[in-house]
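Student: I am new to this structure and should like to look closely at one part of it. Could you please begin with a single side chain and its surroundings, and then lead me outward from there?

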Amino acid sequence: MSITRRKFLKQAGVAGAAATLPFSLVEISWGMGQKGKAEHEPFTFAYISDSHLTHIKGTRFTRNFDQGLRKAIMEVNLMSPKPDFVVYGGDLAQLGKPEELDHGLELMSSLRHPVRWVIGEHDLYLDMGKYWEDNISPLHYSFDHKGVHFAVLNSILTYEEWINQWSTPMERMLNMARLDNPKGSPFMVGEAQIQWLKEDLAKQDPSTPIVVLSHSPLYKIFKPWNFWTDDAEEVQALLQRFDRVTVLHGHVHQVLYNQIGNITFYAMMATAWPWPYPVSYVQKPNQVPKLTVFMNRADPFHERDATGWDILDLESGAITNHYQLWQNEYRTVAYDFKLDHPVDRKYQDEDQRIPPQRHY
Amino acid sequence: MGCMKVLTLGLALLAAATSVIGDEFTEEDLKRWRAEFMEVKEKGEKLFHSTMGSNHVSCDQCHPNAANTHPETYPKFQQQLGKVATLREMINWCLKNPLEGEPFPLDSKEMIALEAYITWERRDVPLAPGKH
């Protein structure tokens with residue numbers, strides 16, 4: 001856990017660079033399209049997700065994952081201009097243990113901004129969210145900020161028969177925690193919460209920008225790894241009457257974005273480790289969005305490669321997503337009002353892309 | 001001349017005999033070979049999803065279904081190790097670093113089991129030595 005002076009200076013240097021990001025460069029450059037009618041005060045917020053803090057024994061935690069979260073917190077604290085708030089996107093813990101959640105809260109307590117919490121499956125399946133609800137946040141809720149309506153969902157519920165088949169809570173947790181588990185179960189938002197969302201959204205005008213925060217993607221990418229929400233279409237249907245909707249989700253640990261009708265989807269970075277894209281597993285078909293410009297394969301020799309966090313600014317009712325990729329080129333993905341879908345500002349063009357890495 | 005004929009005939013007979021013997025495996029053999037492989041692969045699958053090191057990290061956390069392992073490209077020049085390396089050496093690198101554990105002997109049952117699982121999950125990926 002010791003940190004050398006050289007390491008500290010190196011990390012402080014990176015943080016310093018993040019603090020002086022040229023924000024004049026991130027102004028929306030696509031102009032106001034026909035759907036960008038919403039009037040609200042532009043603002044920024046930060047998004048940290050998927051830290052997977054892992055308890056080893058006593059006061060020992062897996063060093064690598066602690067380091068990822070610490071680095072993100074340090075950089076967010078140095079953001080300029082300051083973010084209005086920070087979203088934590090879920091999977092704070094690896095196995096939902098109180099030790100892990102407490103440790104996460106302790107690390108997050110050094111963040112100088114208010115936090116909006118989203119629960120992940122790794123936080124939920126040990127006690128079905130009790131510790132989270134008692135100590136961290138409600139499992140679903142909504143709030144308004146400068147004319148934008150945010151709805152936070154617990155999108156990682158699943159079928160009762162799956163939940164009740166295990167002999168111990170830890171057995172259930174371990175089975176949900178394994179991504180490639182053939183005995184896994186797809187995620188769900190569930191009828192009760194869909195009803196709640198319906199009532200929550202009923203009060204909103206169609207021109208109000210809507211941002212939905214969920215841990216799992218609210219569309220279907222790859223079932224064998226549970227990049228999947230079974231009742232996603234029911235949620236999407238409730239969002240259809242709005243001019244502009246953005247869904248921000250964690251869980252997939254990679255650069256990923258999509259457009260379905262009026263809904264823009266962004267996956268956010270993990271601080272712990274990157275998942276491969278499902279296309280890299282040839283045994284099963286997948287539905288990774290064609291819009292996405294992939295991030296390069298992570299170099300295992302750099303433990304922070306292909307991990308990071310996100311700065312989001314909300315203008316014209318659409319989000320501009322600045323992927324803060326440690327060890328990689330930063331990426332900005334913004335909504336293009338002419339094309340009606342998000343585009344990578346630098347790498348959308350085939351000729352502009354970073355050549356694939358071949359040496360790992 | 002006569003000697004050469006005998007030799008040629010002898011070689012032809014030998015080739016014929018070898019090919020006959022080579023073809024003599026049965027459905028039973030195939031079943032057994034497959035079962036033996038799958039048993040070792042299952043052991044590898046268990047290891048791959050267990051915490052073999054000291055920090056509760058398992059291989060599948062970065063490599064679900066052994067994705068991004070690329071056994072079809074080894075042996076290859078592993079830039080970070082500075083030499084042409086085998087898949088087994090890369091498995092040991094992962095054991096020592098992300099998993100903060102001890103390496104397996106290269107010919108150990110555990111190592112062969114891990115290699116069998118990884119190779120099975122990556123079947124049908126085109127063989128491309130030196131790439132990735």
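Tutor: Let us begin with A:Lys71, which counts as buried because its relative accessibility is 9%, under the 20% that sets the limit for burial. The model is a predicted one, and the values that follow are computed from it.

The side chain of A:Lys71 meets that of A:Glu75 in a salt bridge, with N to O at 3.3 Å. In general terms, side chains of opposite charge can pair when their charged atoms come close. A:Lys71 and A:Glu75 both belong to helix α2 (residues 63-77) of chain A, and because they are 4 residues apart there, about one helical turn separates them. A:Glu75 has a relative accessibility of 0%, and therefore counts as buried as well.

A second pair in chain A can be set beside this one. A:Lys130 and A:Asp134 form a salt bridge in which the closest N and O atoms are 2.6 Å apart. These two residues are 4 residues apart in helix α5 (residues 130-135) of chain A, so about one helical turn lies between them. Are A:Lys130 and A:Asp134 buried or exposed? A:Lys130 is exposed, with a relative accessible area of 51%, and A:Asp134 counts as exposed at 51% relative accessibility.

A pair in chain B is arranged across two helices. B:Arg88 forms a salt bridge with B:Glu115, their closest N and O atoms being 2.9 Å apart. B:Arg88 lies in helix α3 of chain B and B:Glu115 in helix α4 of chain B, so the pair ties together parts that are 27 residues apart in sequence. B:Arg88 counts as partly exposed, at 21% relative accessibility, and B:Glu115 is likewise partly exposed, at 23%. Salt bridges that share partners also join A:Arg178, A:Asp180, B:Lys41, B:Glu42 and B:Glu45 into one network. Over all chains, the count of salt bridges comes to 19.

Helix α4 of chain B, which holds B:Glu115, merits a further look. It covers residues 109-121, and at 1.5 Å a residue its 13 residues should span 18 Å; the C-alpha atoms at its ends are 18 Å apart, so the expectation and the model agree. Among the buried residues of α4(B) are B:Met111, B:Leu114, B:Ile118 and B:Trp120. What covers the buried residues of this helix includes α2 (27-48) and α3 (87-96) of chain B.

Beyond that helix, B:Lys131 is found in the segment after α4 of chain B. B:Lys131 is partly exposed, with a relative accessible area of 41%. Its C-alpha atom is separated by 7.8 Å from that of B:Lys76, although the two residues are 55 residues apart along the chain.

The residue A:Arg178, already met in the network, also leads to a pocket. Together with A:Leu174, A:Ala177, B:His49 and B:Asp60, A:Arg178 lies nearest the centre of the second largest pocket, which is lined by 24 residues. This pocket has a volume of about 520 Å³. Helix α7 (residues 169-177) of chain A gives the largest share of the lining, 4 residues. By class, the lining has 8 nonpolar, 12 polar and 4 charged residues.

Some details of the backbone may be added. In chain A, the peptide bond from A:Ser80 to A:Pro81 is cis, with omega near 0°, and A:Pro81 is found in the loop between α2 and β4 (86-88). In chain B, the peptide bond from B:Tyr74 to B:Pro75 is cis, with omega near -5°; B:Pro75 has its place in the loop between α2 and β1 (76-78). That loop of chain B also holds B:His56, which has a positive phi of about 65° although it is not a glycine. B:His56 counts as partly exposed at 35% relative accessibility. A:His251 has a positive phi of about 75°, again without being a glycine. A:His251 lies in the loop between β9 (245-249) and β10 (257-260) of chain A and counts as buried, at 2% relative accessibility.

Finally, we may return to the chain in which we began. Chain A has 9 helices and 15 strands, and 61% of its 360 residues count as buried. Among its contacts between residues at least 6 apart in sequence, 72% join residues at least 24 apart.

Conventions: Residues are numbered from 1 along each chain as its sequence is written. Chains are lettered from A and ligands numbered from 1 in the order in which they are written. This is a predicted model: local features need pLDDT of at least 70, side-chain atom pairs count only at pLDDT 80 or more; totals for chains, interfaces and linings use all residues. Side-chain values use heavy atoms; hydrogens and water are left out. The expected span of a helix is 1.5 Å times one less than its number of residues. Buried means under 20% relative accessible area, exposed over 50%, partly exposed in between (1.4 Å probe, protein chains only). Contact means heavy atoms within 4.5 Å. On a 1 Å grid over the protein atoms alone, a cavity is a set of points where a 1.4 Å probe fits but cannot get out, and a pocket is an open set with protein on both sides within 12 Å along at least five of seven lines; lining residues have an atom within 4 Å of a point. Grid points are joined across faces, edges and corners, and a volume is the space filled by probe spheres set on the points. Ala, Val, Leu, Ile, Met, Phe, Trp, Tyr, Cys and Pro count as nonpolar, Asp, Glu, Lys and Arg as charged, and the others, Gly among them, as polar. A salt bridge is a side-chain nitrogen of Lys or Arg within 4 Å of a carboxyl oxygen of Asp or Glu.
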